[in-house]
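Work through the exercises below with the structure open. Try each task before reading its solution.

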Amino acid sequence: MQRTIRRVAVIGAGTMGAAIAGHLANAGIPAYLLDIVPGSLTPQEQAQGLTLENPQVRNRVAREGFERMRKARPANLVNERAADLIRVGNTEDHFGWIAEVDWIIEVILERLDLKQALMARIEAVRKPGSIVSSNTSGLPIHSIAEGRSEDFRQHFLGTHFFNPPRYMKLLEVIPTADTDPDVVAAITAVAQEVLGKGVVIANDTPNFIGNRLAFIAAVQTMDFAISAGYTVPEVDLLTGELIGRPKTGTFRLADMVGIDVLAQIAQNLYELLPHDPNRAVLKAPDFTRVMQGMIERKWFGKKTDVGFSKEVAGAGGEKEFQALNLETFEHQAYPKPKFESVGKLKDKPLPERLRGMIAAEDRAGQFVRFVLLHTLNYAAAIMPEVTADVMAVDDAMKWGFQWEVGPFETWDMLGVADTVARMEAEGLTVAAWVKDMLAQGGASFYRRQEGRPQRWVVGKGYEDVKPEPKSIVLKEWKQDKSRVIAGNASASLLDLGDGVALLEFHAKTPGGREMNAVDPDMFAIFETAFDRVERDFAGLVIGNQGEHFSAGANIFVMLLAAQQKQWDKIDAMGKTLQGLRRHLTGLSKPVVAAIFGATMGGGAEVAMAADRIVASSETYMGLPEVGLGILPAGGGTKELVRRVISPAARLEHPGIEKYVQEVSLTIATAKVSTSAAEARDLGFLAPCDRIVMNKDYLIAEAKAEVLAMASTGYRPSFPVRNCYAAGRDTLATLRVYIHLQKEAGYITAHDAKVAEKVAYVVCGGELSSPQWVDEQYLLDLEREAVVSLFGEPLTQARLWHFLQTGKYLRN
């Protein structure tokens, strides 16, 4: 049965509860956020003459939780307007609100008695058919619903969000034996399609899948590091990006979580897991000694600014980090760790790094071998208790902990049989089901059978991976070489099926990161696309599935041209990027850009050149060129004039200068949106552009948009005088503002020069009166301004500094 979640109640306004309400609001779902009524007044409330009966006091706990969530950074909300969808209240005066909602989420203290009492109250008021879930991370889900009616238990389950909910993809859904399968399916669908989550179905066991495996594996790693004499920097290097894990490594992650929190989790898990094969490590002497020593000193990590690392002032006043000596409990500077094996392998693809490191015989190899073998072995040991599905474990670790590959994908890369032999040589007992798989002829946990992807399910054998119709995985799609029309090092043209083509970016940095900087090779594929799409396709999607849509244009080529005073070359490169919009909107077929992550500078200009944009909710879009001493000259400045100022001018808005100032500030201060919703607020996205919560669906949704536009009679556009130029009077006002900012010391003289160029282009130059102009008029001003700025020595210094350090230089 199709369910629609129109409104949700979140009970518990702590860090997690308030953030869950915030993410529901991000998805457009109104939420009630409730918490207890306080039992006493604060000094401020007493000073105001308030009483415990005052609504302001009675809602204080929920209101404070809401405000903390609203002010937190990174932002929990996609924009300020999302906060309007959250209404705060308390669990005495407003408990009746629960009768209105379709989903009730409990996020209160981790005490079984409190949760059971709350469920009894919820049952008395919930409407028939509403779903109730608990966000507990440690208590048995079935125990929370004990004593409730059959109907309640059928609509009850666990929904374990990871913090912060906006950014963490994983949602563990934990049904009980009584949960109706339709309820599980409904929550899964809402989580995936509306909230943008990756859902893993977990069994009702302590800490479910992700936290159970991640925590025990981390304790094993820390205990071995301490006992074997490895330093904190060495461990973080060896357990970070080298092996496909986040760059925080082990000890930096522990500081972020909190040392006190880790110690408490260790104690809780020890009590909850009497049967766990690795339980003893939670009380291991070396690990326990270090944890107790840090807690005694109140070194709790990031929250106290002292943990396994400590920030200190260096000789030049710059901040430096000292690491904890795990024997002496003194923080000290360590040299950057260097290992022969790491040096040889660090730039290799992940499978080569893993195979090389596990075979290496130096100290780094010994450590990585221990970490990998013990982690993979434990992942197998807790199955099928936590789940029977290897894919669920892998997804949990990738989505909840940012592992590049999960434990069983790692095992396949290393070779299952070879890794089993290594484990047994190390004295580890390998899970019986793994040996059974090998005995039955299964050589890997994942395989393709007659073209269908399959994975191993304990007790069942290989089962097909259920296809997700809204997800197109380009890596798999391109395995059929007939779908690749053209390609080079930076881009490819693919056949997406159903008459839609895809122009895919895949340009890498010298370090191997897929940042998709716009370069000449991309334009070569654009030329091919113009021809092939016009002849053979219904439309075009521009997108990719790399780290980011595009982090900007390749400025190195332009900087070299500037240093050689090849101004015509810089002008020509600008013309090429500017011309994209004319080519794309001039096609007789619709073009949709599918953007996500960093969509900066030239990347933003490519996106805005399309007929329409479909954006992942987590899109960080902006024109940061001013930070490099130049301005957006690939059509970006003109586009904000067209998208923000011109619509207001058509309405003869009396405050048109306000829009001119906003666009000028957006460009001159290099504003970058913190979400797709904020990109729309800034004018980068048009009202007709769409936002998709689940990034996995982005390419498919963009394809659907192309087909929808084509089916409704799409026609190419040939705009004439569609840009409003405010002229010299508005320009004069902006110049005064820039001058005052410079005189007050807020910006440098060079900043002022760049800002004046921005204002000049935005206002259309020194026109004697406001008037409508063609896009080309503003494009010419863009190029003229950027060429002049490239000739500035300070601009060239900023560009070189950025290329060498990745940081902006203020001069």
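**Exercise 1.** Which residue in β10 is the bridge partner of Lys310?

Solution. Note that this is a predicted model.
- Start with the strands: β9 covers 309–313, and β10 covers residues 319–324.
- Next, take the pairing. β9 and β10 run antiparallel, over five bridges.
- Now read off the partner: Lys310 is bridged to Gln322 in β10.

**Exercise 2.** Place these strands in their sheet and find the edge strands.

Solution.
- The sheet is open and has three strands, in the order β9-β10-β11.
- Its pairing is antiparallel.
- β9 and β11 (331–332) each pair on one side only, which makes them the edge strands.

**Exercise 3.** Is Val257 buried, partly exposed or exposed? Find its surface partners too.

Solution.
- Locate Val257: it lies in helix α11, residues 251–257.
- Apply the cut-offs: buried is under 20% relative accessible area, exposed is over 50%.
- Val257 has 37% relative accessibility, so it is partly exposed.
- Together with Leu253 and Met256, Val257 makes a nonpolar surface patch of about 250 Å².

**Exercise 4.** Which residues touch the most other members of the largest nonpolar core?

Solution.
- In soluble globular proteins, nonpolar side chains tend to be buried together.
- The largest nonpolar core here holds 109 residues.
- Ile122, Phe308, Phe408, Trp411, Trp433, Val434 and Phe445 touch the most other members.
- Helix α16 (residues 363–381) gives the most to this core: eleven residues.
- A second core is separate and has 108 residues, including Leu493, Val500, Ile555 and Val592.

Methods: Residues numbered from 1 in each chain as written. Predicted model: local features only at pLDDT ≥ 70, side-chain atom pairs only at ≥ 80, totals over all residues. Heavy atoms only, no water. Patch = residues over 30% accessible without salt bridge, like charges linked within 9 Å, V, L, I, M, F, W, Y side chains within 5 Å. Areas by Shrake-Rupley, 256 points an atom, 1.4 Å probe, with all protein chains shown as cover. Salt bridge = Lys/Arg side-chain N within 4 Å of Asp/Glu carboxyl O. Helix = DSSP H or I, 4+ residues; strand = E, 2+ residues; numbered from the N terminus. Buried < 20%, exposed > 50% of the residue type's maximum accessible area, 1.4 Å probe, protein only. Core = buried A, V, L, I, M, F, W, Y, C linked by side-chain atoms within 4.5 Å. Pairing = 2+ DSSP bridges.
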